[in-house]
Amino acid sequence: MALIETAGLTKRYSAVTALDGLSLEVEPGIVGLVGPNGAGKSTLIKILLGLVDATSGSAEVLGLDAAREGLRVRERVGYMPEHDCLPPDQSATNFVIHMARMSGIPPSHARERAAEVLRHVGLFEERYRHVGGYSTGMKQRVKLAQALVHDPELLFLDEPTNGLDPQGRDEMLDLVARTGNEFGISIIMSSHLLSEIERVCEGLIVIESGQLMRTGRIAELTDETAVLAVEVEWDADRLAALLAERGLEVQALGRTVEVAAAGGADGVHDTILDAVVTLELPLVRLERRRRTLEELFQPATETAGDDA
């Protein structure tokens, strides 16, 4: 059974069309929902949760009609909203326990579950502090914890790295990946950053102006290129210089040297290995570079504005 199915889903706000006849089918796994700000990602999530009524069309989540069975959908789904929605005068423990109780979990079990999910998101030691004193990254973790506390089958994460610095972004993406892989929970992660989606997701949905642009498995969309990526522990510049001397077209990018191999990789492969041995460099990897999502979808993600 598909996680999500929509048919002709349309949502209009006066003169603004947030979703325009969107039809899609989403299979289990960690799936990225990507598009520029204003593409309709947040609107789609709210309709799937039964929080907003569609103007026309239909949507099913876990086999349930989102319009008629929104409460049943929310019993089986966790939601991490983009906006700041946490009570500043409550501790993380009290808030997550409250959300567990709201989901029908008995008091004693709610406390256990709150402790478990706060440990999972890395807030166990800080769980009794008031949320108002938390950093942005800690608040994002609380939002993830409350989405997990009732043991959902599916998670909706709306811009989970919003407001985070690079380190906090990396930590949150690692946490999302662990949540999906270790708990076996399917995840729909909304983001306007293709690099984030590519890092943690297996599947991809691209929407723009409320319409479906492309969908599929990321591994199938990011095919191999005619470029070999050579990663070494150090002295990538020296390696690039030697390969250039031997007639190869190269580009050094940090510890990685990209080598054009359009005419066939076998001879180029041997030249690279010989250069690595000559310079006595520790080789980390030598493989064909895959096309990135940015290279595939940049034209579809350049517009900007507030998400509808």
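Does E27 count as buried, partly exposed or exposed, and what is its relative accessibility? In this predicted model, E27 has a relative accessibility of 42%, and therefore it counts as partly exposed. The reasoning rests on two cut-offs: a residue is buried under 20% and exposed over 50%, with partly exposed in between.

The surroundings of E27 may be considered next. This residue lies in the loop between β2 (16-26) and β3 (30-34). Together with E5, E25 and E60, E27 forms a negative surface patch. Another member of that patch, E5, stands opposite E60 in β4.

These residues lead to the sheet in which β1 and β4 take part. The sheet is open and consists of four strands in the order β2-β1-β4-β5, with antiparallel pairing. Its edge strands are β2 and β5 (64-65), each of which pairs on one side only.

The pairings within this sheet can be followed one at a time. Strand β1 (residues 4-13) and strand β4 (residues 56-61) run antiparallel and are joined by five bridges. Between β1 and β2 there are seven bridges, again in the antiparallel sense. Two of the residue pairs may be located in the structure: I4 has V26 in β2 as its bridge partner, and Y13 has V16 in β2 as its bridge partner. β1 and β2 form a hairpin, with two residues between them. In the turn of this hairpin, S14 has a positive phi of about 55 degrees.

Attention now turns to strand β7 (residues 154-158). Why is β7 described as largely enclosed by the rest of the structure? Five of its five residues are buried, so the strand is largely enclosed in this way. The direction of the side chains adds to the picture. In a regular strand, side chains alternate between the two faces of the sheet. In β7, L154, F156 and D158 point one way, while L155 and L157 point the other way, and all are buried.

The strands that pair with β7 complete this description. Strand β6 (residues 77-80) runs parallel to β7 and is joined to it by four bridges. Within this pairing, V77 has L154 of β7 as its bridge partner. Strand β8 (residues 186-191) also runs parallel to β7, and five bridges join the two. Here L154 stands opposite S186 in β8. L154 may thus be traced in both pairings, with V77 as a bridge partner and with S186 opposite it in β8.

Terms used:
Residues numbered from 1 in each chain as written. Predicted model: local features only at pLDDT ≥ 70, side-chain atom pairs only at ≥ 80, totals over all residues. Heavy atoms only, no water. Patch = residues over 30% accessible without salt bridge, like charges linked within 9 Å, V, L, I, M, F, W, Y side chains within 5 Å. Areas by Shrake-Rupley, 256 points an atom, 1.4 Å probe, with all protein chains shown as cover. Salt bridge = Lys/Arg side-chain N within 4 Å of Asp/Glu carboxyl O. Lys, Arg positive; Asp, Glu negative; His and termini not counted. Charge placed at Lys NZ, Arg CZ, Asp CG, Glu CD. Buried < 20%, exposed > 50% of the residue type's maximum accessible area, 1.4 Å probe, protein only. Pairing = 2+ DSSP bridges.
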